Amino acid sequence: MGNGTAAPTRDSAGAQTLPELDVISILIVDDDPQARTLIEMALADARFQVTLDVVSNVRTGLERILLDDHDLYLIDQQLPDGTGVELIGDARSRGVHKPFILMTGHGSLALDEEASRAGAADYVEKHMVTAQLERSIRYTLRTWQATRLLHDRDEQLRHAQKMEAIGRLAGGVAHDFNNLLTAIIGYTDMVAEHVDESSPICRDVAEIRKAADRGAALTRQLLAFSRKQFLTPTVMDLNEMVSGLLQMLPRAIGEHIRTSVHLSPDLARVKADSSRMEQVLVNLALNARDAMPDGGELAIETCNVTLTEPRLRAEGLTLKPGFYVMLSIGDTGVGMDAATRERAFEPFFTTKPQGKGTGLGLATVYGIVDQSGGGISLETGHGKGTTVRIYLPATTAVEPLRAPEIAHAHQDVGTERVLLVEDNDAVRDLTARALRRRGYTVYEARDAEGAVEWIQTAGIKPQLLLTDVVMPGLSGPNLAARLLQLNPDLRVLYMSGFTDDAAAVHGDFWAGVPLLQKPFTPAALAERVRLALDGPLSDERR
């Protein structure tokens with residue numbers, strides 16, 4: 001409506017919206033030679049303009065209906081090759097969702113019920129067309145619009161719930177793998193310390209380490225999708241980020257693909273992790289390359305946008321209305337069909353041949369954007385290319401001056417007492433062994449409750465609490481809070497594989513020392529322990 005077809009129109013902000021009742025395109029299926037004239041007369045004083053097409057039988061009517069070129073269908077009940085009710089039922093069974101109005105010479109309650117069951121929105125007796133048709137069309141289309149709005153919102157909710165469920169699963173898997181990889185990488189490095197570099201065993205150990213590193217990279221991608229990775233957001237300019245990658249992109253995507261760039265000169269700033277946003281752009285560019293094996297065009301655009309409720313609905317976004325910065329990456333490739341589009345952001349889903357991709361590229365993009373407070377929309381069609389639009393909240397904040405970093409320790413050994421709390425046996429054993437090798441005295445506890453009991457009964461004051469963040473029962477930050485009440489001079493270092501409880505880690509009990517992210521190496525562990533012991537106390541604890 002408004003353009004004579006069923007295609008959505010666009011509002012002043014460029015967003016797709018549901019059709020308005022201004023110009024309505026109607027298909028009439030009626031073998032009466034006077035059908036067009038009758039409808040034109042009935043709608044002569046309507047509040048909207050109409051464009052009419054007429055076909056005279058069920059077969060041709062179904063063909064035209066399936067083309068989806070009209071906003072509404074007026075179907076006569078008695079047709080040469082069938083009935084209007086049969087035509088409506090057949091069209092509904094084929095997925096047609098536009099509204100139908102049945103016309104009949106003689107109405108009845110039975111026909112009313114039969115038409116309703118088949119999927120008609122209303123029916124009008126022909127001798128009442130002049131009096132009733134205009135009202136019937138208005139109410140039918142308004143009802144259809146409201147139904148579509150509810151349907152679209154339900155689809156958005158269902159998709160969000162599905163992605164959230166998959167994200168939780170991916171995050172849990174990644175968390176468990178981080179513990180496994182911490183043990184594998186740690187013990188591999190410890191073995192390497194005692195193997196001569198010229199030995200064949202050294203090469204074997206190096207291959208094990210390479211495989212573990214590849215596993216760690218996959219785990220980071222899973223954490224990105226599940227929105228549990230560690231981000232370092234700063235106030236950044238997306239134009240600078242895009243410009244900085246332009247020299248590298250041609251080498252990555254190939255010279256057979258042309259790149260066009262349109263960057264808004266007055267682009268607002270956003271708060272995001274710059275390295276992760278670079279990863280987003282590179283992933284999308286590589287996806288576009290794979291969609292254009294014979295060449296094509298990659299279009300990159302930035303601009304400021306105001307997202308209104310209609311635009312948010314049209315693009316399937318669950319963001320709040322407001323001022324955003326858009327990063328758009330479009331290609332002229334093969335595009336996606338509806339089934340592929342539905343699963344495009346799921347982890348491990350890929351249309352590439354086996355061994356050609358992990359299926360984590362778009363999933364990683366989705367997770368980074370979502371964790372950054374933004375949204376992502378996808379416009380695509382089979383043979384029509386793909387455009388991905390990323391929306392990040394605009395900010396007027398100014399990046400604060402960074403505090404001077406703590407100088408790295410020149411040695412990674414020590415004699416201090418360390419209380420190690422970790423529920424994973426392999427990680428705890430590795431961590432304890434690595435620290436004892438460097439001279440520390442390590443006391444181990446499987447959980448927070450065991451650590452509290454040990455503190456109360458052992459009569460020993462540890463100088464450092466090294467604890468996992470997420471554990472069964474009492475969490476690492478809550479354990480730190482209890483022990484700091486008993487010993488205000490206690491230093492604290494957290495370990496974690498994802499950002500659950502990150503607010504607590506960076507909040508009341510943060511000691512100014514970087515969190516030790518799993519999987520870690522024995523060398524990284526020793527360095528962080530030294531930093532935690534030698535670094536200054538936070539202002540809250542002085």
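What percentage of the 542 residues in the protein chain do buried residues make up? In this predicted model, where local features need pLDDT of at least 70, side-chain atom pairs count only at pLDDT 80 or more, and totals for chains, interfaces and linings use all residues, buried residues (under 20% relative accessible area with a 1.4 Å probe, protein chains only) make up 47% of the chain. Residues are numbered from 1 along each chain as its sequence is written, and side-chain values use heavy atoms, with hydrogens and water left out.

The protein chain has 17 helices and 21 strands, which are DSSP runs numbered from the N terminus (helices H or I, at least four residues; strands E, at least two).

Helix H7, residues 238-245, shows two sides. Leu238, Asn239, Met241, Val242 and Leu245 are buried, and because these buried residues of H7 fall within an arc of 160 degrees, seen down the helix axis (the arc of the directions from the axis to the C-beta atoms), they line one face of the helix. On the other side of H7, Glu240 and Gly244 are exposed, that is, over 50% relative accessible area.

Further along, the axes of helix H14 (residues 448-458) and helix H15 (residues 476-486) come within 10 Å and cross at roughly 10 degrees, the axes being lines fitted to C-alpha atoms over the stretch in contact and the angles running from 0 to 180 degrees between N-to-C directions. That makes H14 roughly parallel to H15, a term for angles under 35 degrees. Ala448, Ala451, Val452 and Ile455 of H14 make the contact with Leu479, Arg482, Leu483 and Leu486 of H15, where contact means heavy atoms within 4.5 Å.

Key: Angles under 35 degrees count as roughly parallel, over 145 as roughly antiparallel, 65 to 115 as roughly perpendicular and the rest as oblique.
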